[in-house]
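Work through the exercises below with the sequence and the structure beside you, and try each task before you read its solution.

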Amino acid sequence: MKKFLTAVFAVLTGVFLAGYDASAEAPLCGGVTDRTDRAAPKVIKSKEITAFSTSFLLRDETSPHDAIQHWSFTVKKDDSGRIAIEAGNGATVQADDALLAELQQVIDRFDLAALNGIDRVTAGLPPMFGPCRMSVDYASGERLHFQRNSRPEEGWPRAMRDIFLNAFAKKR
């Protein structure tokens, strides 16, 4: 009987652990997840954006409590070629090529192509330093993508936020 129970226990343990993936667990506080593509090009030649998405955190300048705001925007062309912006809250608005040109100007001004391929995030940092990301597809087939912890002193998130806020404000 003891051998039978041992065999049953071994089978059940194997069944339960078969679907376990330790890599799927969230990293511990202070743990670093690094999926950086060190071979990613650091120069993007194309300037014609076909799809764009970004997500970042900013301190709310109007809040006396240093509240953190999460901003998320996606820009893509629909089947008819019209450009649509979708905010993280689900709001949408139509845009034009001028918006894509403004986004590219920010990418160039802050040399964001130099961050291409970085995918490195430290868990457990204060909210202001939470993950930010950007993905940009170009007509040439080139792609700019990075994800890392936010850096409050950087200017590109505010510049991006202002471009999108202006786009939504124009459509009111």
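**Exercise 1. Find the partner of phenylalanine 73 and describe the strands around it.**

Step 1. Phenylalanine 73 stands opposite alanine 87 in E4, where strands are DSSP runs of E with at least two residues and helices are runs of H or I with at least four, both numbered from the N terminus. The model is a predicted one, in which local features need pLDDT of at least 70 and side-chain atom pairs count only at pLDDT 80 or more, whereas totals for chains, interfaces and linings use all residues. Residues are numbered from 1 along each chain as its sequence is written, and side-chain values use heavy atoms, with hydrogens and water left out.

Step 2. E3 and E4 pair in the antiparallel sense over five bridges; two strands count as paired if DSSP finds at least two bridges between them. In the hairpin of these strands, with five residues between them, glycine 81 takes a positive phi near 90 degrees.

Step 3. Strand E3 (residues 68–77) is also joined to E2, by nine bridges, and these two strands run antiparallel. Across this pairing, serine 55 stands opposite serine 72 in E3.

**Exercise 2. Place these strands in the whole chain.**

Step 1. Count the elements: the protein chain has three helices and eight strands, and from the N terminus on they run α-β-β-β-β-β-α-β-β-β-α.

Step 2. Turn to the contacts, meaning heavy atoms within 4.5 Å. Of the contacts with a separation of 6 or more, 64% are between residues 24 or more positions apart.

Step 3. Consider burial, where buried means under 20% relative accessible area, exposed over 50% and partly exposed in between, with a 1.4 Å probe and protein chains only. Buried residues make up 34% of the 172 residues in the protein chain.

**Exercise 3. Describe two aromatic pairs and say which parts of the chain they connect.**

Step 1. Rings of Phe, Tyr and Trp (its six-membered ring) pair if their centres lie within 6.5 Å, and planes under 30 degrees apart count as stacked, over 60 as edge-to-face and the rest as tilted. The structure holds five such aromatic pairs.

Step 2. One of them joins phenylalanine 52 and phenylalanine 164, which are 6.0 Å apart centre to centre with 40 degrees between the planes, a tilted pair. Because phenylalanine 52 lies in strand E2 (residues 49–59) and phenylalanine 164 in helix H3 (residues 156–170), this pair ties together parts that are 112 residues apart in sequence. Phenylalanine 52 is buried at a relative accessible area of 2%, and phenylalanine 164 is buried at 0%.

Step 3. Another pair, phenylalanine 146 with tryptophan 156, is edge-to-face, with 5.6 Å centre to centre and 85 degrees between the planes. Phenylalanine 146 belongs to strand E8 (residues 143–149) and tryptophan 156 to helix H3, ten residues apart.

Step 4. Return to the residue of the opening exercise: Phe73 forms one aromatic cluster with Phe52, Trp71 and Phe164.

**Exercise 4. Is isoleucine 85 buried or exposed, and which residues does it touch?**

Step 1. Isoleucine 85 sits in strand E4 (residues 83–87), and it counts as buried, since its relative accessibility is 0%.

Step 2. Leaving out residues up to four places away in sequence, isoleucine 85 touches several residues, among them Phe73, Val75, Leu99, Phe164 and Phe168.
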